[in-house]
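Trainee: Got a minute to walk through this one with me? I'd like to start with the backbone oddities.
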2 protein chains.
Amino acid sequence: MRRLDASLCSVNTATLGFRAPLEDTVEAVARAGFGAIAPWRREIEGRDVARLARHIRAAGLSVSGYCRSADIPAATAADFAAGLETNRRAIEAAAELGATAFILVVGGLPGDSRDLAAARAQVREGIAILAEQARACGVRLALEPLHPMYAADRACLNTLAQALDLCAALEPAPAGPPVLGVAVDVYHVWWDPLLAEGIARAGAERRLLAFHVCDWRRPTRDMLNDRAMMGDGVIDIRAIRSQVEAAGFGGFVETEIFSVLDWWRRPPEEVLATCRQRLETVV
Amino acid sequence: MRRLDASLCSVNTATLGFRAPLEDTVEAVARAGFGAIAPWRREIEGRDVARLARHIRAAGLSVSGYCRSADIPAATAADFAAGLETNRRAIEAAAELGATAFILVVGGLPGDSRDLAAARAQVREGIAILAEQARACGVRLALEPLHPMYAADRACLNTLAQALDLCAALEPAPAGPPVLGVAVDVYHVWWDPLLAEGIARAGAERRLLAFHVCDWRRPTRDMLNDRAMMGDGVIDIRAIRSQVEAAGFGGFVETEIFSVLDWWRRPPEEVLATCRQRLETVV
């Protein structure tokens with residue numbers, strides 16, 4: 001297991017609540033000593049991506065991931081095509097940013113559908129299409145299983161086993177490093193009785209593309225925006241990092257905290273300093 | 001698949017928000033035409049159980065389940081023993097009530113523990129002990145996997161596969177009907193990519209002891225008390241009932257709705273009439 005210091009860690013910009021332009025966030029993250037950043041589409045789309053990529057590199061930061069896909073399941077063929085088009089453009093941006101992976105948060109039940117199997121079939125179909133383009137662009141796609149409490153509205157991909165099965169079905173025997181992999185976020189998977197097996201399998205199949213940390217607050221007051229700072233919740237984060245690294249993960253440990261109720265109200269410098277201190281002591 | 005009418009259905013008393021004494025609830029449920037009821041320990045403990053059991057029978061109701069166990073994982077040996085003692089008394093009450101099963105909601109992480117594996121080991125140890133007593137009392141135990149969002153504070157048993165694996169480990173080859181089985185609540189399991197396999201396996205192993213319905217509201221405003229009335233959410237309840245019945249379940253379809261924000265504010269008669277109407281049309 002690695003001895004973590006900030007240079008091995010990344011900050012997902014969501015952690016700072018999107019309160020400043022990306023350039024300012026890049027400066028703050030670099031100043032705090034981190035080795036990487038993970039920006040979001042909302043900070044990139046419609047802007048000069050090449051220029052932003054240069055800015056990030058000039059600050060000495062890598063891009064641990066690019067967040068995140070538009071929803072894949074859709075109620076109409078036109079919406080399905082529009083989602084794919086957004087994702088195609090995002091894959092191009094991920095290439096330009098040099099991101100380790102483009103993060104796929106696949107979407108939940110479209111419209112008023114109750115058909116989870118159909119949504120999952122659309123996800124499979126969409127990712128098959130995007131994988132071709134990603135391969136051509138030299139971008140890897142990290143399928144992120146989301147906590148089952150988001151199955152309806154954010155992602156119908158809900159366990160690591162399900163994500164790995166999908167990767168294996170779409171890309172059964174990659175010659176080189178696979179294009180399809182997974183993002184393991186402790187918030188989404190910590191409860192899973194099959195977590196250790198899933199992580200070992202992901203490593204053996206060379207699909208561990210991202211590792212995200214935060215903590216699970218007890219009680220959780222809001223289903224989306226009440227993630228805790230590492231150490232303030234109930235997840236044994238170090239045990240999970242140990243499994244992930246034993247499985248071969250050597251990438252950045254990325255902090256991603258959605259916290260309208262707490263951390264998004266604090267000064268960015270305080271948030272970053274606390275992340276760094278916790279990464280070095282409890283993660 | 002059965003044609004559902006109220007005589008095949010049960011009302012879990014939680015659905016009415018525990019606003020009246022059990023006797024009144026029994027009358028109301030019977031008056032509304034239901035075939036069964038599922039009471040809670042809070043309505044039974046410290047009272048004359050034999051008398052309550054007679055009251056329920058006199059109203060023409062069966063008892064589809066008795067809710068629910070005290071937490072099994074505990075921070076101290078004394079707390080562990082106390083939990084088991086509460087559950088032992090509850091199993092005796094379940095026998096007296098003639099309940100189809102005593103429902104095990106096993107508990108989450110005890111105290112300030114972050115050790116989910118240890119909590120799960122305590123659950124296994126506790127259920128092994130309770131199974132002996134249940135067998136002696138002629139009571140069946142229904143392990144209820146709870147939604148993963150409750151892993152920290154309510155139940156570290158979170159998938160049907162996990163519950164069935166535990167049943168199989170503790171009672172590998174029962175001669176007669178197994179003492180250990182599962183409760184399938186659509187709210188907790190609807191998202192599970194392995195749900196259909198789990199239901200089929202539960203049926204094949206004769207462990208389908210309870211089937212609970214409500215719906216998943218989108219958005220869900222409260223993690224505990226915002227369950228929806230059947231038909232008002234995103235779960236394809238009929239598809240799941242079809243799987244459960246194809247797997248051999250012939251028991252009562254039990255409505256269990258925690259809804260501080262909505263149904264618990266309405267008159268019991270309205271709630272019961274709505275349950276009945278929805279059970280007969282969308283479940």
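Mentor: Sure. Start with Pro219(B), which sits in the loop between strand S7 (208-213) and helix H9 (237-246) of chain B. Keep in mind that this is a predicted model.

Trainee: OK, and what kind of peptide bond joins Arg218(B) and Pro219(B)?

Mentor: A cis one, with omega at about 0°.

Trainee: Then what about the bond from Cys67(B) to Arg68(B)?

Mentor: That peptide bond is cis as well, and its omega is near -25°.

Trainee: Where does Arg68(B) lie?

Mentor: In chain B, in the loop that runs between strand S3 (62-63) and helix H4 (77-97).

Trainee: Why bother flagging things like that?

Mentor: Because most peptide bonds are trans, and most residues other than glycine have a negative phi. On the phi side, have a look at Phe18(A): its phi is near 55°, so a positive value in a residue that isn't glycine.

Trainee: And where is Phe18(A)?

Mentor: In a loop of chain A, between strand S1 (9-12) and helix H1 (22-31).

Trainee: How confident is the predictor about chain A?

Mentor: The mean pLDDT of chain A is 98, and 100% of its residues reach 70 or more. For the complex, the predictor gives an ipTM of 0.97 and a pTM of 0.98.

Trainee: Switching to the two chains, what operation superposes chain A on chain B?

Mentor: A rotation of 180° with 0.0 Å of shift along its axis, and the RMSD is 0.0 Å. That is the relation of a two-fold axis.

Trainee: How many residues does each chain put into the contact?

Mentor: Chain A gives 22 residues and chain B gives 22 residues. The side of chain A that touches chain B has 12 nonpolar, 5 polar and 5 charged residues.

Trainee: Which surface do the copies meet through?

Mentor: The same one, because 100% of the interface residues of chain A are also interface residues in chain B.

Trainee: Helix packing next. How do H6 and H8 of chain A sit against each other?

Mentor: Helix H6 (residues 160-170) and helix H8 (residues 195-204) of chain A pack at an angle of about 25°, and their axes are 9 Å apart. Angles under 35 degrees count as roughly parallel, so H6(A) is roughly parallel to H8(A).

Trainee: Left-handed or right-handed crossing for H6(A) and H8(A)?

Mentor: H6(A) passes H8(A) in a left-handed crossing. From H6(A), the contact uses Leu160(A), Ala161(A) and Leu164(A), while H8(A) brings Leu195(A), Gly198(A), Arg201(A) and Ala202(A). Sorted by class, that contact of H6(A) with H8(A) has 5 nonpolar, 1 polar and 1 charged residues.

Trainee: And over in chain B, at what angle do H3 and H4 pack?

Mentor: About 35°, with the axes of helix H3 (residues 49-58) of chain B and H4(B) 9 Å apart. The crossing of H3(B) and H4(B) is right-handed.

Trainee: Which residues make the contact there?

Mentor: Val49(B), Ala50(B) and Ala53(B) of H3(B) meet Ala93(B), Glu96(B) and Leu97(B) of H4(B). By class, the contact of H3(B) with H4(B) has 5 nonpolar residues, no polar ones and 1 charged.

Technical notes. Residues are numbered from 1 along each chain as its sequence is written. Chains are lettered from A and ligands numbered from 1 in the order in which they are written. This is a predicted model: local features need pLDDT of at least 70, side-chain atom pairs count only at pLDDT 80 or more; totals for chains, interfaces and linings use all residues. pLDDT is the predictor's confidence in each residue, from 0 to 100. Axes are lines fitted to C-alpha atoms, for helices over the stretch in contact, and angles run from 0 to 180 degrees between N-to-C directions. Helices (H or I, at least four residues) and strands (E, at least two) are DSSP runs, numbered from the N terminus. Angles under 35 degrees count as roughly parallel, over 145 as roughly antiparallel, 65 to 115 as roughly perpendicular and the rest as oblique. A crossing is left-handed if the near helix is turned anticlockwise from the far one by less than a right angle, and right-handed if clockwise. Two residues are in contact if their C-beta atoms, placed from the backbone, lie within 7 Å. Ala, Val, Leu, Ile, Met, Phe, Trp, Tyr, Cys and Pro count as nonpolar, Asp, Glu, Lys and Arg as charged, and the others, Gly among them, as polar. Copies are superposed by least squares on the C-alpha atoms of residues with pLDDT of at least 70 in both.
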